[in-house]
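The following explanation is intended for a reader who meets this protein for the first time. Please keep the sequence and the model in view while reading.

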Amino acid sequence: MRPVMIHPPVTAITARRPDGDLSRAPFSRRWRCAVLLLLGFVLIAPAAPAGATDNGPSTAWTAALIAVPPVGGRRLPIFGRWRDSFVQRAVQEMPETVRLPAVLFMHGCDGIGGEEEAARILFMEWGYATFIPDSFARAGRRSNCATADFATSRAPESHDYRLQELAYGIQALHSLSWIDHDRIFAYGFSEGGMAVARYEGNGLSGRVITGWHCRGIGPYDGIGAPRDTPLLAILGDRDPWYAAKPGEHCGQVFDGRADAESIILPGNGHAILNSPDLANAERARKAIRTFLDGH
């Protein structure tokens, strides 16, 4: 086990991302039916009390969206928010022999949307327990971006929030007996990708950075991960959020890391997994699955 050092036919779903793309993420009819059934249950199932909170990273974790593939005789996945009473019952009943790999997904600056929902379904289909902390569950949380004009730096405190939430999520996953502690991955999209790139702690088997170029100013430039941490970065070369830095990408700051890859998707906008360019979306999915399954 790696040492853990914690610093505090095909159907489709369609969503709109900040760059205006209409995007599609395929998943099987069997999973679609199961998810629709579970979503109907979510609407009528009472939520468990969230308990005492300081409006810190625990609030984002409690509100996290999760998706856990069927294991231990379960016929349906566990699909809901961490705080939901039926989710808590299901995870408490997890067989002692189960050890699932996990993906901790850090959402973009405008919260949970099409990219995040596509990832939740996709990673679950691949056999990964997926957790998406909801940063906007924190009272008074401001958005750091304006999607209408691609403006950023509207709430600079959000960057510290995301690092807190990432560290808290890693610690929480290491506390769950049914998670394989040697296969916990952090995946970040956009603002979440910045957090995954900057985080200096350990406790991860690898990191995936999407929709972020790693070439910010001051502390936002570069990679904070230990040098032996496997990395995969994916960016569209027509991402409207980074028009001021054409050609910049994370590979420029890998600095000779032995296990790191930077992929640039030609003609692609901001969305990666959920890109409307189906060839680019498929290329990204294949690269991400190869990375996760190989570490």
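Leaving aside its neighbours within four places in sequence, with which residues is Thr210 in contact? The model in which this is to be answered is a predicted one. Beyond the four places on either side, Thr210 touches Tyr187, Gly188, Phe189, Ser190, Gly193, Ile234 and Ile272. Thr210 itself belongs to strand β8, and its relative accessible area is 0%, so it counts as buried.

From this single residue one may step back to the whole chain. The protein has 295 residues, of which 55% count as buried. Seven helices and 10 strands are found in it. The protein exposes about 12,800 Å², and carbon and sulfur atoms supply 53% of that area.

The interior may be considered next. The largest nonpolar core has 50 residues, and those that touch the most other members are Trp82, Phe131, Leu173, Trp178, Ile179, Ile209 and Ile223. At least two residues of this core come from each of the helices α3 (85-92), α5 (158-174) and α6 (191-198), and likewise from each of the strands β3 (65-68), β5 (100-106), β6 (129-132), β7 (179-189) and β9 (231-236). The helix that gives the most to this core is α5, with six residues. A second core, separate from this one, has 24 residues, among them Leu65, Ala119, Phe189 and Ala284.

Ile223, one of the residues that touch the most other members of the largest core, shows what such a position looks like in detail. Apart from neighbours within four places in sequence, Ile223 is in contact with Ala197, Ile209, Cys214, Leu231, Val253, Phe254 and Arg257.

Two of the helices that supply this core merit a closer look for their covering. In α3, six of the eight residues are buried, namely Ser85, Phe86, Val87, Gln88, Ala90 and Val91. In α6, eight of the eight residues are buried. The buried residues of α6 are Glu191, Gly192, Gly193, Met194, Ala195, Val196, Ala197 and Arg198. What do these residues pack against? Their partners are β5, α5, β7 and β8.

The pairing of α6 with α5 can be described further. Two packed helices are described by the angle between their axes and by the distance between those axes. For α5 and α6 the angle is about 65° and the axes lie 9 Å apart. The crossing of α5 past α6 is right-handed. On the side of α5, the contact is made by Ser158, His159, Arg162, Leu163 and Leu166, and on the side of α6 by Glu191, Gly192, Met194, Ala195, Val196 and Arg198. These residues divide into five nonpolar, three polar and three charged.

Arg198 of helix α6 takes part in this contact. Is Arg198 buried or exposed? With a relative accessibility of 17%, Arg198 counts as buried, because the limit for that class is under 20%. Arg198 is 35 residues from Leu163 in sequence, while the two C-alpha atoms are 8.0 Å apart in space. Leaving aside neighbours within four places in sequence, Arg198 is in contact with His159, Leu163, Pro219, Tyr220 and Gly224.

After α6 the chain enters the loop that leads to β8, and Asn202 is found there. The relative accessibility of Asn202 is 14%, so this loop residue counts as buried. Asn202 and Pro226 are 24 residues apart in sequence and 7.2 Å apart in space, C-alpha to C-alpha.

Finally, two loop residues deserve attention for their backbone. Most residues other than glycine have a negative phi. Cys214, which is not a glycine, has a positive phi of about 65°. Cys214 is located in the loop between β8 (206-210) and β9, and it is buried, with a relative accessible area of 0%. Asp255 also has a positive phi, near 55°, in a residue other than glycine. Asp255 is placed in the loop between β9 and β10 (260-265), and at 59% relative accessibility it counts as exposed. A positive phi is thus found in a buried loop residue, Cys214, and in an exposed one, Asp255.

Notes. Residues numbered from 1 in each chain as written. Predicted model: local features only at pLDDT ≥ 70, side-chain atom pairs only at ≥ 80, totals over all residues. Heavy atoms only, no water. Helix = DSSP H or I, 4+ residues; strand = E, 2+ residues; numbered from the N terminus. Buried < 20%, exposed > 50% of the residue type's maximum accessible area, 1.4 Å probe, protein only. Areas by Shrake-Rupley, 256 points an atom, 1.4 Å probe, with all protein chains shown as cover. Core = buried A, V, L, I, M, F, W, Y, C linked by side-chain atoms within 4.5 Å. Contact = heavy atoms within 4.5 Å. Axes fitted to C-alpha atoms, helices over the stretch in contact; angles between N-to-C directions. Left-handed = near helix turned anticlockwise from the far one by under 90°. Nonpolar A, V, L, I, M, F, W, Y, C, P; charged D, E, K, R; others polar.
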